[in-house]
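Student: I should like to go through the reasoning behind several labels applied to this structure. Please set each value against its criterion.

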Amino acid sequence: MVAATTFGDGDAGGFTRSSDGRVATEELFAGVRVGEWTFTAGRQNYKVGTGFIVMDGNLDQFKDGAYWLSPRTAFKDSAILAWDHGALKSQVFSLRTDDDLGDFRMTGVNLDYNLDDQVTLGAMALKVNALGPRGSTLPRRRDGMQVHNLRALNARVPGIAPLTLNAEYAVERGSGEGVDYAANAWYAQADYAFGDLPLTPILGYRYASFSGDDNLSDNRQKAWDPLSKGFIDWSTWLVGDVVGNYLLFNSNENVQQFSLKTHLSQTFTLGAIHYQFWLDEKTTWARRSTTVALPMKAWCFSTGRPHRRSTARCPTTGSSPWRRLGKCSAMTRNSVPWNSTSPTVIERREPLRPRRSVCA
């Protein structure tokens with residue numbers, strides 16, 4: 001069960017306002033295990049890799065309350081058949097998202113192979129079926145999308161034990177109702193742990209790219225759709241508290257990230273992150289620079305629960321231009337909330353997909 005509500009003036013984007021909130025079942029599923037096989041069905045959580053594409057099945061807004069915290073993540077009406085053979089693991093899954101996220105089903109297969117604890121190689125393929133009514137542009141536009149993902153996680157470099165590498169590449173292809181999909185996204189990350197220094201600080205760098213669309217008038221969708229991305233750590237995969245929650249949502253953006261963190265104890269981590277953002281395609285960005293640099297953000301984890309103190313302010317926006325339009329599922333890809341007088345208008349064909357998964 002999850003109980004969440006919003007007080008006061010609500011969040012900065014107006015996705016939840018005072019008195020929005022409810023008590024609802026988060027996970028409720030049944031299953032059976034036979035040898036190396038496990039089958040579960042119901043309302044449950046599921047994550048592929050780092051949550052780059054598949055992790056969060058619920059968009060906490062309006063009646064759910066607590067948009068910024070986003071405590072709900074489970075997929076409804078889901079089924080997962082998992083095979084665990086030690087270093088080799090595989091799952092066949094069918095997952096349905098909530099209405100606010102677009103009410104679509106992802107059906108696919110995922111494979112992970114741990115190579116002698118030196119690297120975990122993974123691959124995933126899925127197909128999207130939109131479950132919304134025909135004529136409702138946002139959910140139907142995902143219909144027929146096929147997603148393919150390759151990844152190498154927690155890779156160790158021989159002779160450089162403190163260095164850890166991570167990388168993923170994904171494409172969205174296929175055809176739906178009057179639209180062809182041709183989007184891609186990728187990232188590469190390196191983290192180095194200074195074991196000889198006090199508290200073993202970890203210095204990290206990541207570059208991530210999410211494609212945009214250079215032609216908004218055709219029927220070819222080149223802007224990356226983040227589908228059900230998750231949140232497992234700061235910037236993964238809500239990239240920037242302001243930009244990630246209210247502006248770009250992992251689509252039509254390139255971002256580099258510099259990070260520094262240290263584990264003060266098993267339950268307390270202190271760190272800082274600096275981002276630099278660029279639009280991948282500048283189709284509708286005509287009034288301001290396409291580079292957004294956010295000040296260093298300090299954060300900490302205590303007893304496994306994140307708390308933040310952020311001085312980040314997006315220099316391209318004053319008050320938020322977003323306004324509430326009823327239900328997200330009623331919006332079209334070309335009518336994401338925006339203010340035509342705002343200098344921060346971005347590519348409107350990109351899906352509304354904010355995300356954070358932290359329990360209050």
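Student: In which strand does Leu165 lie?

Tutor: In this predicted model, Leu165 lies in strand β10, which spans residues 160-174.

Student: Why does Leu165 count as partly exposed?

Tutor: Its relative accessibility is 31%. Buried requires under 20% and exposed over 50%, so Leu165 falls in between and counts as partly exposed.

Student: What does Leu165 touch, leaving out residues up to four places away in sequence?

Tutor: Leu165 touches Ala152, Leu153, Asn154, Ala155, Val157, Gln189 and Ala190; contact here means heavy atoms within 4.5 Å. As for Tyr192, 27 residues apart from Leu165 along the chain, the two C-alpha atoms are separated by 8.9 Å.

Student: How do you know that β9 and β10 pair?

Tutor: Pairing calls for at least two bridges. β9 and β10 have 11 bridges, in the antiparallel sense, so the criterion is met. One of the residue pairs is His148 with its bridge partner Val171 in β10. In the hairpin of these strands, with 2 residues between them, Gly159 takes a positive phi near 85°.

Student: What makes β8 and β9 a pair?

Tutor: 8 bridges join β8 (residues 119-130) to β9 (residues 145-157), and the strands run antiparallel. At least two are needed, therefore they pair. Leu121 has Ala152 as its bridge partner in β9.

Student: Which residues touch the most other members of the largest nonpolar core?

Tutor: Of its 46 residues, these are Ile53, Val54 and Met106. Strand β16 (residues 268-279) supplies the largest share of this core, 4 residues. Beyond four places in sequence, the contacts of Met106 include Val54, Phe75, Phe93 and Leu227.

Definitions and conventions
Residues are numbered from 1 along each chain as its sequence is written. This is a predicted model: local features need pLDDT of at least 70, side-chain atom pairs count only at pLDDT 80 or more; totals for chains, interfaces and linings use all residues. Side-chain values use heavy atoms; hydrogens and water are left out. A nonpolar core is a set of buried Ala, Val, Leu, Ile, Met, Phe, Trp, Tyr and Cys residues joined through side-chain atoms within 4.5 Å. Buried means under 20% relative accessible area, exposed over 50%, partly exposed in between (1.4 Å probe, protein chains only).
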